[in-house]
Amino acid sequence: MPSVSRIVSGPLSLGQKDTVVCLGNEIKSRAVVKYSAAPPPTTYALLREKTDLKLPPANWLRESTQLGPAGTTVLGSSSKNKPFSSFGMAYDFIDSIGNDVDVVSDSENIKKLLKIPYSKSHVSMAVHRVGRTLLLDDLDIQELFMRSSQTGDWTWLKEFYQRLVDQKWQRKKKSKEHWYQKAILSKFLYYSISGDGAAEPVPGDSASSSKGDEGCGGGELGPSWPATFTIASSDPEDSASPEEGLRNDFARNILWTFEDIHMLVGSNMPIFGGGRYPAVSLRLRDNNKPINILTGIDYWLDNLMCNVPELVMCFHVNGIVQKYEMIKTEDIPNLDNSKFSTRVVKDIAQNILSFLKSNCTKEGHTYWLFKASSSDVVKLYDLTTLCEETAEEKCQNPFTLPVAVLLYKVASNMMKKSQNRKHYGTIRTLLLNCVKLLDQERHPQIIASAHCMLAELFQLDEPLEDGNGESLRSGGSEDSYSEEEEEEELPEDSDENGSCSGCSNPADASRAVAVIKSVGELSVPEKYTHHIRPNYTFPVSHDKEERCRHVLGNVLRGLKAVDSTIKKESDLPAADPNTPIPLKYEDGDDSSGHNVVEKEISLLLDRVGPGQENYKHPTRSGMIPGSWQHRIKLQLFLKASKAYYVLADAAANLLKYGRALRYVKLALQCHDAYCAVSSSLHPEVLFFHSQCLSLCGDIQLMLAQNASNRAAYLEEYSYQTKEDQEILHSLHRECSCQAFNMATDLAMDPEYQLFVSCKCYEAAYELLTSGELRKLHSEQLGQVLKRLGNIRNEMGVFYMNQAAAMQTEKEEKKGVSAAEQEMWKKSFSCFEKGLKDFEAISDAANTALLLCNTGRLMRICAQAHCAVSEDLNRGEFSPEEALYYNKAIDYYLRAMKSLGKRESHKAVWDSVNWELSTTYFTLATLLQDYAPLSRKAQEQIEREVTDAMMKSLKYCDLQTESARQPLYQYRAATIHHRLASMYHSCFRNQVGDEHLRKQHRTLADLHYSKAVQLFLSLRDAPCELLRTQLERVAFAEFQMAGQNSTSAKLKTLLGALDIMIETHHAFQLIHKELLEEQQASAASDVAVPESPDGSASSGLNTEEVLKLIGVFEPSFSFILLHLMKLMSTSKNVLFRLYHPYYMVGSDFYRQRNIIFLCLLTLVVK
């Protein structure tokens, strides 16, 4: 059953959609007019019968908006289809290229492809691939070879064609009959738009008409192929304007969907309408020649593409109008002598598209689809590969530049409208193919812009900027609306474009990319299939250095392209790219170096300030501000600076500080060049500059803190790659790049490095507090303030340590030197500034740490003011010491107050708490050991000692489990021991006031008991425990001496003996440590070394133990002796019990047997 098609009335207006459904075999078609230069359809003039179309009308060949270019081009007086017609459409509808559209072409080329199985005519088309889009253009072999004979171009293609395709090629002129039919059609169209609908022939004889008809063909011999395709404009947005057009001159551009094929087609077919027939296409036919399949397909496809529902056919005999006939578009496939299956046409379209997409795989290559006349074989050649195999240059392929420009435009458009990572692979491939096609000497602007975009792709964390990669716009081309129904009337062994016989050389197949062995295969459903090619993968690397090297490589190539258009290298005082830049640091007076850095930073801030005035004078290299070189170079400088910044940050994270400093120096040099050529700086550029300065400060700080690896850092810093040298060479074309030398040199002096680091942070802070940046980047401002506080803390600590070292190295501690005082002042000034920075951002933890460091500085000052007597012994505790210790306490208390409570910052709280307790303890100890008796009374000193000791005890955190808990326990035990000793001394020396003596005795007993309890909880303080117990025994002995009654004395001595017995725990610990020491010594057969103070390697002070034993033995004997005396006098029953032990103890004492004396103590217990 034949298929019947249905179509709605009326053509599509701009943007309108419609769908054609063919019944029987369902064929879907949808058309969207993207652009139309034609006016709304108007009613055509119905010619009177017997009108002579051989006579020209009065309006013949005059410009007509209704006919557009069709009125003259069908005649042949205009050029044939130019090879860039698809590019003109692609440039105008760049959003559709790459993914959305399968084919871009002239409607005549589409029809020619779909008629291949039915036609014996030759087919010659150029095919280009851009993403998933194919661009099809008529490739006029005849004109190419004519051009080759005149200019010498394309000789390689002519030789290839003659050798492999047609060895006897020769040009054949078209017949007079061909030109006669063209002239008849042109005159018919002009008659049809005349107002009165009647023929108004131009006066004149037939001879003149005949001359006109013959002259119509003269234009065919004129060159229609562009002689050159050049870029003359300096503006990237206008840089694709060729001398000979790439304009989109079609009357209308239509996005046509035929089944699942999306095509952007250009059409010049005139459409008429009005009245009963709102849209019709007008055709002229010889009544003696029936419509064949080729003509039917041609008419049907034209109406489908333009969505015209009806066809008006005017029949003539020898140019005399006979009649009109109206045919619906859906009926065209069923006309007599012209029946065809729409389903087969659909299969042909799908097979051809699959064949081309499967084999035209290389973007940037020019493919040639060729079928010789009367041949059933269709072959596809890769002309780019064939051209590269010859000695001719690639630029002699006239498609090279249009293809490259289109690849660039598509990539640029994709960059602007989509930042989705999945498109980066496609964009990169487009740009790489674009660069591969172009010669840098001829097209530096496109190459530089392409490399700029390639660099942008690898900076994935950066937003795309508006000025990046401007699109290239194009001019236009002329295309013709032609009637193809004449082709089947040519003899089978000829062709309108010359003799293209089917007897091709068999060797031709070996050079073809792909071959369709028989055109009949195209009618077989799904004979050719292709897989949808996935998006190009983007070479993602997690290695930051590799990614940045991609950026820098493209930046360098872009800079070379720009530099090649400005001045010769010999005209510039540029540095040798093969010579590394020497280090500028010189050891000398620190103050002069500091002044230089301050001066450079201030000049830099003046230079990069946001208020810089615009200027229009040429740059150092000769660039004119506002030119394409200027704009691209600015972008490349900025991208290079950002890449080096990322490299510096990555190197710093890897602790490669020498390499990091080298990279940040290059980043700042790139930024220096950017400032040199930029008329004004965007806030985001200033913000990035502050980041570079901040990173430079970080690196200099790390170098100062890791001075031990300076040799390795110097080696890293001195190394330079060839790529870095060449980029630096390009930078020197614009400026000396010396603005940041002092800030980025690798110095040998840590103090200088800290100073440079601080100045970098200060410069970054000034940038962030200027203009709009203060509001835009408040978070970054807080980070810089934190860094400023930190570096000032580091500098304060550095100067503080210098002062402490001076104090230690002094041979005679007499007075404070001027150098020490200078270090104190510098340290204190840094701490004060750092405090303001941290307080500005409400950083409680760091504020507390700086206050803590300031407290430590006060303690160092106190130690420096230690009084020394004439015999170089420690003198009394001085007022200056007391002053500075009290200042230290004030700073520690401020630190505690800033923290509020421990839960907020536990580690900082614990540290400050420990330092505060230590300061109180040191103050009390010095007051106790070196009492200022010459200035204060004993009682006042005792009160002050007690007060300081109790405050220190207050901050001993005995409850919280931490690493410092044993230290706190030891300190608390020591405090109780010292207080007990002080009260013991007061009790011994107090005379008269019994109440006060009693109070001192009670306090001494209390603190001795607490000290013993705390020492017992510690396992590493047996000597302290033993000493405390012995002091308790001495205290008991002193009390006994003042007692009168025997019972009281006996009670006191028994208490003292109990204390002696309690020392067994201390002796156990001592004994255990001694045995472990002996076992270790025996196992290694090496004597355990002792320190100068007599302490063994285990930590036990043997000398101290012997001294304590020396006190223990007589005390033990004394107690036993007096017990024996008192018991013998009172005849106490315990006498018999203790007497043997006393005798044994006396023997041990005489023999100095420590171990057995310890055992005896245990037995007594």
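**Exercise 1. The Y920 and Y955 rings**

Task: State whether Y955 is buried or exposed, and classify the aromatic pair that Y955 forms with Y920.

Solution. Step 1: Y955 has a relative accessibility of 15% and therefore counts as buried; the term covers values under 20% relative accessible area, while exposed means over 50% and partly exposed lies in between, with a 1.4 Å probe and protein chains only. The model is predicted, so local features need pLDDT of at least 70 and side-chain atom pairs count only at pLDDT 80 or more, whereas totals for chains, interfaces and linings use all residues. Residues are numbered from 1 along each chain as its sequence is written, and side-chain values use heavy atoms, with hydrogens and water left out.

Step 2: A pair of aromatic rings is described by the distance of the centres and the angle of the planes. Rings of Phe, Tyr and Trp (its six-membered ring) pair if their centres lie within 6.5 Å; planes under 30 degrees apart count as stacked, over 60 as edge-to-face and the rest as tilted. For Y920 and Y955 the centres are 6.2 Å apart and the planes differ by 5°, and the pair is stacked.

Step 3: Y920 belongs to helix α29 (residues 906-929), and Y955 to the loop between α30 and α31; the pair links distant parts of the chain, 35 residues apart. Helices (H or I, at least four residues) and strands (E, at least two) are DSSP runs, numbered from the N terminus. Y920, at 8% relative accessibility, also counts as buried.

**Exercise 2. A second ring pair**

Task: Classify the pair formed by W368 and F370, and give the relative accessible area of W368 and of F370.

Solution. Step 1: The model contains 17 aromatic pairs by the rule above. In the pair of W368 and F370, the centres are 4.9 Å apart and the planes stand at 45°, so the pair is tilted. Step 2: W368 has a relative accessible area of 0% and is buried; F370, at 4%, is buried as well.

**Exercise 3. Packing of α30 on α31**

Task: Determine how helix α30 is oriented towards helix α31 and which residues make the contact.

Solution. Step 1: Helix α30 (residues 938-954) packs on helix α31 (residues 965-989) at an angle of about 160°, with the axes 10 Å apart. Axes are lines fitted to C-alpha atoms, for helices over the stretch in contact, and angles run from 0 to 180 degrees between N-to-C directions.

Step 2: Angles under 35 degrees count as roughly parallel, over 145 as roughly antiparallel, 65 to 115 as roughly perpendicular and the rest as oblique. The angle therefore makes α30 roughly antiparallel to α31.

Step 3: From α30, the contact uses E942, V945, T946, M949, M950, S952 and L953; from α31, R971, A972, I975, H976, R978, L979, M982, Y983 and C986. Contact means heavy atoms within 4.5 Å.

Step 4: The contact of α30 with α31 comprises 10 nonpolar, 3 polar and 3 charged residues. Here Ala, Val, Leu, Ile, Met, Phe, Trp, Tyr, Cys and Pro count as nonpolar, Asp, Glu, Lys and Arg as charged, and the others, Gly among them, as polar.

**Exercise 4. Packing of α3 on α8**

Task: Apply the same steps to helices α3 and α8.

Solution. Step 1: Helix α3 (residues 107-114) and helix α8 (residues 293-306) have axes 10 Å apart and an angle of about 135°. That angle makes α3 oblique to α8. Step 2: S107, I110, K111 and L114 of α3 meet D298, L301, D302 and M305 of α8. By class, 4 of these residues are nonpolar, 1 is polar and 3 are charged.

**Exercise 5. The surroundings of W256**

Task: Locate W256 and list its contacts.

Solution. Step 1: W256 is found in strand β7 (residues 252-258) and is buried, at 0% relative accessible area. Step 2: Leaving aside neighbours within four places in sequence, W256 is in contact with S29, R30, A31, I110, I261, H262, M263, V265, L301, L304 and M305. Step 3: Ring pairs join W256, F258, W300 and F340 in a cluster.

**Exercise 6. An enclosed helix**

Task: Explain why helix α2 is described as largely enclosed.

Solution. Step 1: Helix α2 (residues 85-92) has 7 of its 8 residues buried, so it is largely enclosed by the rest of the structure. Step 2: The buried residues are S85, S86, F87, G88, M89, A90 and Y91. Step 3: They pack against β4 (103-106), β5 (123-130), β6 (133-138), β7, β8 (261-267) and α11 (400-417).
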